[in-house]
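Student: I should like to go through this structure with you, beginning with its aromatic rings. Could we then turn to the other contacts?

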Amino acid sequence: MVDTTDRSVRVRIAPSPTGDPHVGTGYIALFNYAFARKMGGKFILRIEDTDQARYRADSEAAITDALNWLGVTWDEGPDVGGDFGPYHQSKRTAIYQEHCEKLLASGHAYRCFCSPETLAEIREECKAAKINPPMYDRRCKAMDPAEAKKRADAGEECVVRMVIPRDGTIKFEDKLRGEVEISASQIDDQVLLKGDGFPTYHLANVVDDHLMGISHVVRAEEWISSTPKHVLLYRYFGWDAPEWVHMPLLRNNDKSKISKRKNPVSIHYYRDIGILPDALRNFLSIMGYSFGGDREVFGLDEMIEGFSWDRVSLGGPVFDQDKLRWMNEQHIRALTNEELVDAFMGWRYNREHMLKIAPLIHKRIKTLSDFAGATEYMFSSEVDYAPFADKLSIPDVAKKDIWKGILELVDDVDKLDGFEPEALEATARAFCEKKGWKPKHVFGLLRIGSTGRKASPPLFETMAVIGKDICRRRLRELAEFIKKMK
RNA sequence: GACCCCAUCGUCUAGUUGGCCUAGGACACUGGCCUUUCACGCCGGCGACACGGGUUCGAAUCCCGUUGGGGUCGCCA
């Protein structure tokens with residue numbers, strides 16, 4: 001089935017720098033990468049930074065670091081260059097606007113001046129009238145294009161929407177499932193160009209995939225329902241569409257789409273608790289995929305060599321932490337003692353990390369041998385809250401408000417760029433203010449939550465050393481623990 | 001709610017042109033052996049083809065329906 005002589009395969013991973021490097025990004029990147037290597041094709045990294053509101057400065061580097069850490073590397077991308085750049089969508093706005101003009105000219109798109117408020121009203125009306133799914137009523141489509149252009153040129157803010165046929169169906173072939181058919185009546189006149197002049201995913205994605213010569217779009221299953229829009233866009237532009245491959249979604253234990261509320265989803269979390277990169281990679285590669293025979297532990301090269309879409313299964317795989325740990329154990333065993341020691345040193349037993357710890361424990365140890373006891377929680381992945389059950393309360397605050405509050409604080413911290421002590425403290429104090437809770441009570445909970453101790457070096461410095469991802473995980477577990485307390 | 005996708009042990013999966021499946025492996029759980037302890041290792045146990053109709057000599061494998069789960073329905077990707 002797989003033609004290994006096909007050199008024209010070009011695939012891409014297109015993450016959005018809006019947060020932490022997600023395991024789902026790593027998962028999809030891995031399959032794109034394996035397929036590209038198998039076919040002797042190219043794997044491209046493109047940064048989809050078209051959302052100014054959600055853009056996070058520290059995110060892109062975190063994503064590229066995480067992907068490299070996983071062992072997935074790209075042939076073209078913002079850092080390595082290539083013949084199809086630029087590879088940041090934010091640097092391609094002129095291209096999208098130009099293409100939007102073509103659609104406008106051919107009558108496949110129109111300007112829309114409706115405000116977000118108007119749109120919300122329309123959505124409400126649809127709901128009330130039980131119109132499913134709720135859709136834009138296309139009122140601006142009736143406007144004379146010349147008149148619309150005049151208003152836009154005069155500086156009035158507007159978006160550009162694509163025209164979806166009134167009836168008929170849109171079909172496409174998914175490599176893993178066969179033909180998928182969706183009625184045009186289900187599809188809204190999608191916004192292509194936002195009010196700020198940036199493109200939406202749909203436009204940018206199609207234009208870039210075409211311009212970058214992408215042959216196969218390998219992405220997550222959640223995109224299936226918007227694929228008809230993309231198919232239409234290719235048609236409107238007169239381009240050949242790529243092949244579609246929709247991988248199953250990684251799941252929480254309850255089978256819902258994997259999410260940070262129910263699972264650690266940052267690749268950094270797994271790195272920080274001491275999962276070997278090749279173990280995470282191996283684990284991700286048995287999600288929805290089987291190597292063949294009874295092999296579960298295999299190298300990236302082996303996966304590439306035997307790679308075939310035929311080996312993908314479509315039931316959504318649950319991301320099982322236990323099995324990940326077992327996988328990691330297998331990879332640790334495969335190490336020599338020399339390599340194991342290197343792994344420890346590469347992880348946290350190194351000068352750089354010790355230098356962060358040193359000021360925190362310097363005046364808290366009497367002998368060097370006190371180190372292990374004084375820092376145990378800085379190296380472990382989980383802590384036990386049971387010994388503190390009687391300390392997990394705040395005077396005059398209901399238990400429910402406490403655990404919900406902790407979750408809220410975690411969300412506040414999530415919005416930060418980075419995890420610096422100063423910003424952390426400011427966020428925590430703002431939270432106390434907001435809640436009307438005393439810092440000493442909140443900080444006490446934070447301390448127990450992130451260290452598993454009631455005494456520690458300065459809280460926020462300590463949290464910074466433990467790291468954002470582990471702290472977040474611990475705090476969520478603390479909330480869970482309190483929730484379950486009688 | 002509408003539309004789309006999916007459906008083998010609790011979990012990851014093998015099973016891919018229907019017969020070699022009284023359904024195999026792995027994680028987890030569990031009984032035992034080994035052992036000065038623990039871990040590893042070894043042997044064993046528990047445990048699934050969602051249900052109902054077809055097609056066929058024969059179905060986990062094909063078709064239809066039902067049920068269940070998931071996803072999407074944003075000027076987010």
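Student: Are Phe 35 and Phe 307 buried or exposed?
Tutor: In this predicted model, Phe 35 and Phe 307 are both buried.

Student: How are the rings of Phe 35 and Phe 307 placed?
Tutor: Their centres are 6.3 Å apart and their planes stand at 55°, so the pair counts as tilted. The pair links distant parts of the chain: Phe 35 belongs to helix α1, whereas Phe 307 is in the loop between α10 (300-306) and α11, 272 residues apart.

Student: Which residues are in the cluster with them?
Tutor: Ring pairs join Tyr 27, Phe 31, Phe 35, Tyr 289, Phe 307 and Trp 309 into a cluster.

Student: How many aromatic pairs are there?
Tutor: The count comes to 25 aromatic pairs. One of them is formed by Tyr 33 and Phe 43, with an edge-to-face arrangement: 6.0 Å from centre to centre and 80° between the planes. Tyr 33 lies in helix α1 (residues 23-39) and Phe 43 in strand β2 (residues 42-45), 10 residues apart.

Student: Why is Tyr 33 called buried?
Tutor: Its relative accessible area is 9%, and buried means under 20%. Phe 43 is buried as well, because its relative accessible area is 0%.

Student: What about charges over rings?
Tutor: The charged end of Arg 151 sits over the ring of Phe 113, 4.2 Å from the ring centre. Lys 435 lies over the face of Trp 437, at 5.7 Å from the centre of that ring.

Student: Now the RNA. Which residues come nearest to RNA strand B?
Tutor: Of the 52 residues around RNA strand B, Asn 132, Arg 177, Lys 194, Gly 195 and Gly 288 come nearest. The side chain of Asn 132 has an N or O atom 2.4 Å from a sugar or linking oxygen of the strand.

Student: What parts of RNA strand B lie within 4 Å of the protein?
Tutor: Among the strand's atoms within 4 Å of the protein, 80% belong to sugar or phosphate and the rest to bases. For instance, a backbone N or O atom of Val 318 is 2.9 Å from a phosphate oxygen. On the base side, a polar side-chain atom of Lys 323 is 2.9 Å from a base nitrogen.

Student: Which element supplies the largest share of that surface?
Tutor: Helix α11 does, with 4 residues. At least two residues each come from α4 (116-128), β6 (178-183) and α11 (321-333).

Student: And how do the residues of that surface divide?
Tutor: They divide into 20 nonpolar, 13 polar and 19 charged residues.

Methods:
Residues numbered from 1 in each chain as written. Chains lettered and ligands numbered in written order. Predicted model: local features only at pLDDT ≥ 70, side-chain atom pairs only at ≥ 80, totals over all residues. Heavy atoms only, no water. Near = heavy atom within 4 Å. Polar contact = N/O pair within 3.5 Å; in protein donor to acceptor, adjacent residues only side chain to side chain. Nonpolar A, V, L, I, M, F, W, Y, C, P; charged D, E, K, R; others polar. Phe/Tyr/Trp six-rings, centres within 6.5 Å; stacked < 30°, edge-to-face > 60°. Buried < 20%, exposed > 50% of the residue type's maximum accessible area, 1.4 Å probe, protein only. Lys NZ or Arg CZ within 6 Å of the ring centre and 35° of its normal.
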